[in-house]
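Here is a short report on side-chain packing. It covers the aromatic pairs and the nonpolar cores.

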Amino acid sequence: MDSILQQITDWLKEMLVSAIMGNLSGMFESVNNQVGEIATSVGMTPANFSPGVFAMVRNISESVIIPIAGLILTFIACYELIQMIIDHNNLANFETWIFFKWVFKTFVAVMLITNTFNITMAVFDVAQQVISRSGGLISGSTSVSDATLTAMQATLEGMDLGPLLGLYLQTFVVQVTMLALSAIIFVIVYGRMVEIYLMVSLAPIPFATFGNH
C-alpha cells in the first residue's frame, strides 16, 4: 500500500514539476518578449508609429492651430505694447531699448510658433533614443539562461508535494497576470501615442504665450 501511495506521490510531483517549469519558462519568455515589444513600440517616433495619422495631425496643426496661436500672439503682443506705454507714463519717460525688447520678444515668439512642430519632434526624438537604450538594458536583465532553469528544476524535484502544489498555483496566477498585462500594455502604448499626437497638434497655442512676461 505504501508503495502504491509513493508511486502516486512521485507521479503527482513529476507532473507538478513539469507544469511549474512550463509556467516559469513561458513566463520568462513572455516577460522578455513584452519588454522587447514595449521598447520597440514606445521607442517609435510619432512619425514612424503611424505615418498617415502623423501627416493628418501635422496638417491640422499647420492649417488650423498655428493661425489660432498667431491670433493669441497678436493679442499678447498688443497687450504688452499697450502695457509698456502705460508703464512709461504714455512715453513721457521714453527709452528706446523697450521697443527693441518688445520687437525681439515678438520675433522670438513668432519663430517658436513657426517651428513648433520641429521643436516638439526633436524632444520626442531624444526621448526615443533614451527609451531604445533602456529597453535593451531591461531585456538583458530579465533574460533567464537554460542553466538557471535546470538548477531550478533540480530544486523543485527535491520539494514535497504540498509546496509544489502551492508553487504551481502561484506560477499559474502570475502567468494569467502576464496575459492581462499584455492587454494593458497594448492599451497604454496606443493611448500614449494618441496623447502625443494631441500634444503635438496643440503645441503652438502654449508656445504663443512664451512672449508674455
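## Aromatic pairs

Two aromatic pairs are counted in this predicted model. One of them joins Phe54 and Phe117. Their ring centres lie 5.5 Å apart, and the planes meet at 65°. Edge-to-face requires an angle over 60 degrees, so this pair is edge-to-face.

The pair links distant parts of the chain. Phe54 sits in helix α3, Phe117 in helix α5. They are 63 residues apart.

## Burial of the two rings

Buried means under 20% relative accessible area. Phe54 has 13%, so Phe54 is buried. Phe117 has 7%, so Phe117 is buried as well.

## The largest nonpolar core

Phe54 and Phe117 both belong to the largest nonpolar core, which has 12 residues in all. Phe49, Val57, Met121, Phe124, Ile185 and Val189 are also among its members. So are Met193, Ile196, Tyr197 and Val200.

Three helices each supply at least two residues of this core: α3 (51-87), α5 (116-142) and α7 (161-202). The largest share, six residues, comes from α7.

## Around Tyr197

Which residues is Tyr197 in contact with, leaving aside its neighbours within four places in sequence? They are Pro46, Phe49, Ser50, Val53, Phe54 and Val57. Of these contacts, Phe49, Phe54 and Val57 are listed in the largest core, as is Tyr197.

## Another core

Apart from the largest core lies another, of seven residues. Leu16, Val17, Met21 and Leu164 are among them.

Notes. Residues numbered from 1 in each chain as written. Predicted model: local features only at pLDDT ≥ 70, side-chain atom pairs only at ≥ 80, totals over all residues. Heavy atoms only, no water. Core = buried A, V, L, I, M, F, W, Y, C linked by side-chain atoms within 4.5 Å. Buried < 20%, exposed > 50% of the residue type's maximum accessible area, 1.4 Å probe, protein only. Helix = DSSP H or I, 4+ residues; strand = E, 2+ residues; numbered from the N terminus. Contact = heavy atoms within 4.5 Å. Phe/Tyr/Trp six-rings, centres within 6.5 Å; stacked < 30°, edge-to-face > 60°.
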